[in-house]
Amino acid sequence: MKTGSCLCGAVVFEVQGPLRPVIACHCTQCRKQTGAFMHATSAPDANLRLTSDRGLKWYRASGTARRGFCGECGSVLFWKADGSAETSFTAGSIDGATGLSIEGHIYCDDAGDYYEISGPGYRKGQG
């Protein structure tokens with residue numbers, strides 16, 4: 001089991017079972033929300049349990065997804081596609097070592113001009 005939280009502890013979660021490898025999302029929404037790009041893993045909703053949600057707020061980011069964050073400290077935490085039985089969450093919100101690695105990059109064409117994408121799972125010219 002893995003545990004995770006926001007910076008202030010107003011949102012705390014537990015995850016049972018394996019986590020998806022990390023995906024780095026460079027879309028404009030992720031860049032605006034995080035200031036750089038999102039590093040997220042995910043798990044089936046049946047394996048994710050909130051143990052404290054007093055600070056949890058959801059923002060309808062598009063017609064197809066919403067983003068969860070802590071309304072008290074502002075930590076970016078979750079991304080949830082409508083109708084999906086899986087929730088993505090920031091790798092940095094997990095307590096301790098994750099044992100995860102970056103599997104790939106998405107929306108690379110939206111990446112900021114202030115950094116270069118490199119490393120595992122990146123192929124130049126991918127969208």
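This report describes the fold of one protein chain, from its overall make-up to its sheets, its cores and a single residue.

The model is predicted, so local features are reported only where pLDDT is at least 70 and side-chain atom pairs only at pLDDT 80 or more, while totals for chains, interfaces and linings use all residues. Residues are numbered from 1 along each chain as its sequence is written, and side-chain values use heavy atoms, with hydrogens and water left out.

## The chain as a whole

The chain contains one helix and 10 strands, where helices (H or I, at least four residues) and strands (E, at least two) are DSSP runs numbered from the N terminus. Followed along the sequence, these elements give the pattern β-β-β-α-β-β-β-β-β-β-β. The radius of gyration, taken over C-alpha atoms, is 14 Å; this is close to the 14 Å from the globule rule (2.2 Å times the number of residues to the power 0.38) for 127 residues, so the chain is as compact as a globular protein of that length. Along its principal axes, the C-alpha trace spans about 40 × 30 × 30 Å.

Of the 127 residues, 39% are buried, a word that here means under 20% relative accessible area, whereas exposed means over 50% and partly exposed lies in between (1.4 Å probe, protein chains only). Contacts, defined by heavy atoms within 4.5 Å, often link distant parts of the sequence: among those with a separation of 6 or more, 56% join residues 24 or more positions apart.

## Two sheets

Strands of a sheet pair through backbone hydrogen bonds, either parallel or antiparallel. In this report two strands count as paired if DSSP finds at least two bridges between them.

Seven strands form an open sheet with mixed pairing, in the order S6-S7-S8-S9-S4-S3-S10. Strand S6 (56-60) and strand S10 (102-106) stand at its edges with a single partner strand each, so one side of each has no neighbour in the sheet. With direction ignored, neighbouring strands of this sheet are turned by 30° against each other on average, the axes being lines fitted to C-alpha atoms and the angles running from 0 to 180 degrees between N-to-C directions.

An open sheet of three strands, with antiparallel pairing, follows the order S1-S2-S5. Its edges are strand S1 (2-5) and strand S5 (48-52), which each have a single partner strand, so one side of each is left without a neighbour in the sheet. From one strand to the next, the twist averages 25°.

The table lists three of the strand pairs.

| Strand pair | Sense | Bridges | Facing residues |
|---|---|---|---|
| S8 (76-81) and S9 (86-90) | antiparallel | two bridges | phenylalanine 78 and phenylalanine 89 |
| S4 (38-44) and S9 | antiparallel | five bridges | serine 42 and serine 88 |
| S1 and S2 | antiparallel | four bridges | threonine 3 and glutamate 14 |

S8 and S9 also form a hairpin with four residues between them, and glycine 83 in the turn has a positive phi of about 80°. Because four of the five residues of S9 are buried, this strand is largely enclosed by the rest of the structure.

## Two nonpolar cores

A nonpolar core is a set of buried Ala, Val, Leu, Ile, Met, Phe, Trp, Tyr and Cys residues joined through side-chain atoms within 4.5 Å. The largest one has 14 residues, of which Cys6, Val11, Phe13, Val15, Leu19, Phe78 and Phe89 touch the most other members. Strand S2 (12-15) and S8 are the elements that give two or more residues to this core. A second, separate core has six residues, among them Cys25, Met38, Ala40 and Val76.

Phenylalanine 78 touches residues including Val11, Phe13, Leu48, Leu50, Trp58 and Phe89, when residues up to four places away in sequence are not counted.

## Tyrosine 107

Tyrosine 107 lies in the segment after S10, and with 46% relative accessibility it counts as partly exposed. Its phi is near 55°, which is a positive value in a residue other than glycine. The C-alpha atoms of tyrosine 107 and cysteine 25 are separated by 6.1 Å, although these two residues are 82 residues apart along the chain.
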